[in-house]
Structures are given as structure tokens and as C-alpha cells.
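Here are my comments on the model you sent, set out as numbered points. Please read them with the coordinates open.

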Amino acid sequence: HEELTESNEEYTMQAMLDLLGVMTWMINQLLEKFPNVFVVGVTGNHGRNTKKVRHKNRAFTSFDWLLYQLIKRHYHPTEGKPNQRVSFMIPDGPDAYYRIYNHRYLLTHGDQFRGGDGITGALMPIMRGFAKKSSRNAQINQEFDTMIIGHWHHLFQSRRVIVNGSLK
């Protein structure tokens with residue numbers, strides 16, 4: 001909401017710089033404990049610089065995508081030696097399909113899933129979205145074992161669906 005930006009704690013660009021520092025610190029902490037770090041980033045509905053979420057070229061109107069690219073550039077500079085221990089997947093679309101060992105994942109922000117009510121809450125749109133993504137991916141030979149979603153801010157875990165419990 002444009003009128004609310006004046007009362008935010010920081011402007012978007014200030015928050016981007018702060019978050020860039022936090023995210024690189026976090027990756028460095030992981031590198032102290034693990035031999036390799038794989039960073040996957042998809043865009044969501046809050047990081048957009050347009051009034052509504054765009055479907056065409058969605059990533060290129062998103063501060064989320066820009067942040068992931070800046071983090072990637074930090075570890076893989078255009079000049080100098082890249083950090084071979086950190087790899088990235090930053091798709092131009094809303095979904096990231098990848099494998100870890102033999103387990104297939106689909107990471108999606110989840111803002112494409114609509115609906116819900118006072119009784120079922122987020123469960124109905126999440127399960128309906130899971131069914132739609134499963135059907136679509138089966139048609140393009142990209143079946144997945146687990147779908148990971150962030151949008152709903154409610155922790156939910158099952159064998160096939162993980163919804164993070166992050167703060168808003």
C-alpha cells in the first residue's frame with residue numbers, strides 16, 4: 001500500500017541493503033558447518049515494485065529476485081574467483097524444481113493459491129494448489145515428491161507438502 005510506505009521503519013532500498021548483509025552472514029555461517037550450500041530463491045507477492053503481481057516477467061519486477069542476484073554476485077563476482085562451495089538456483093518464474101539426492105522438490109512462494117475460510121483456513125487453497133501443481137508438472141515430466149511453500153506463514157508439514165512458519 002503506497003500510503004503506508006511513509007510509516008515503514010525503512011525504505012525498500014535500505015531494507016534491501018540490510019537484508020543483503022543478513023543473508024550473506026547466514027550463508028557464511030552455513031559454510032562454517034557444511035561443505036557446500038545450495039541457495040534456491042523464488043519471488044513472492046510482497047517484493048514486487050508494481051501495484052499488482054505480474055505473471056509475465058514476474059521476476060524482473062521483484063526486489064526478491066534482485067536480492068537473490070546480488071547475493072549470487074557476492075559469491076560469484078563478475079571479476080575474481082567465485083566461491084565454488086555456494087551454488088544458486090534463481091528461476092525467472094514462480095517455481096523452482098530441483099533434486100537433492102533422489103528426492104524431487106518444487107519450491108513455490110504460494111501466492112498463486114487463493115481461497116480459504118474460517119473453518120479450513122489455508123489448508124484448502126494449499127491442497128488445491130498442490131493438486132494443480134502436481135497435475136501440471138506431471139504433464140511436463142517434472143513430477144515432485146515434496147512441494148515447499150512460504151506464502152501462508154503457518155507451519156504445516158506432511159510427507160508431500162511443507163509450508164514454512166515464518167513471521168510476516
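1. Tyrosine 97 has leucine 106 in strand 4 as its bridge partner, and this pairing belongs to the antiparallel association of strand 3 with strand 4, which are joined by six bridges. The two strands form a hairpin with two residues between them, and in its turn tyrosine 101 has a positive phi of about 55°. Please keep in mind throughout that this is a predicted model.

2. Leucine 106 also stands opposite methionine 147 in strand 5, while tyrosine 105 stands opposite threonine 146 of that strand. Here the pairing is in the parallel sense, with four bridges between strand 4 (residues 103-108) and strand 5 (residues 146-149).

3. Taken as a whole, the sheet is open and mixed, its five strands following the order 3-4-5-7-6. Strand 3 (95-100) and strand 6 (156-157) are the edge strands, each of them pairing on one side only. Helix 3 (residues 123-139) packs on this sheet and touches strand 3, strand 4, strand 5, strand 6 and strand 7 (161-163), with its direction at about 130° to that of strand 5.

4. How do helix 1 and helix 2 pack, and at what angle? Helix 1 (residues 12-33) packs against helix 2 (residues 63-75) at an angle of about 45°, and the axes lie 10 Å apart. Since angles from 65 to 115 degrees count as roughly perpendicular and those under 35 as roughly parallel, the two helices are therefore described as oblique to each other. The crossing of helix 1 past helix 2 is right-handed.

5. The contact between these two helices involves, on the helix 1 side, Thr12, Met13, Met16, Leu19, Leu20, Met23, Thr24, Ile27, Asn28 and Leu31, which meet Phe63, Leu66, Leu67, Leu70, Ile71, His74 and Tyr75 of helix 2. By class, the residues of this contact comprise 13 nonpolar and four polar ones, with no charged residue among them.

6. On charged pairs, the count comes to four salt bridges, one of which deserves a separate comment. Arginine 58 forms a salt bridge with aspartate 111, and the closest N and O atoms of the pair are 2.9 Å apart. This pair links distant parts of the chain, 53 residues apart: arginine 58 lies in the loop between strand 1 (37-40) and helix 2, whereas aspartate 111 lies in the loop between strand 4 and helix 3.

Methods
Residues numbered from 1 in each chain as written. Predicted model: local features only at pLDDT ≥ 70, side-chain atom pairs only at ≥ 80, totals over all residues. Heavy atoms only, no water. Axes fitted to C-alpha atoms, helices over the stretch in contact; angles between N-to-C directions. Parallel < 35°, antiparallel > 145°, perpendicular 65-115°, else oblique. Left-handed = near helix turned anticlockwise from the far one by under 90°. Contact = heavy atoms within 4.5 Å. Nonpolar A, V, L, I, M, F, W, Y, C, P; charged D, E, K, R; others polar. Pairing = 2+ DSSP bridges. Salt bridge = Lys/Arg side-chain N within 4 Å of Asp/Glu carboxyl O.
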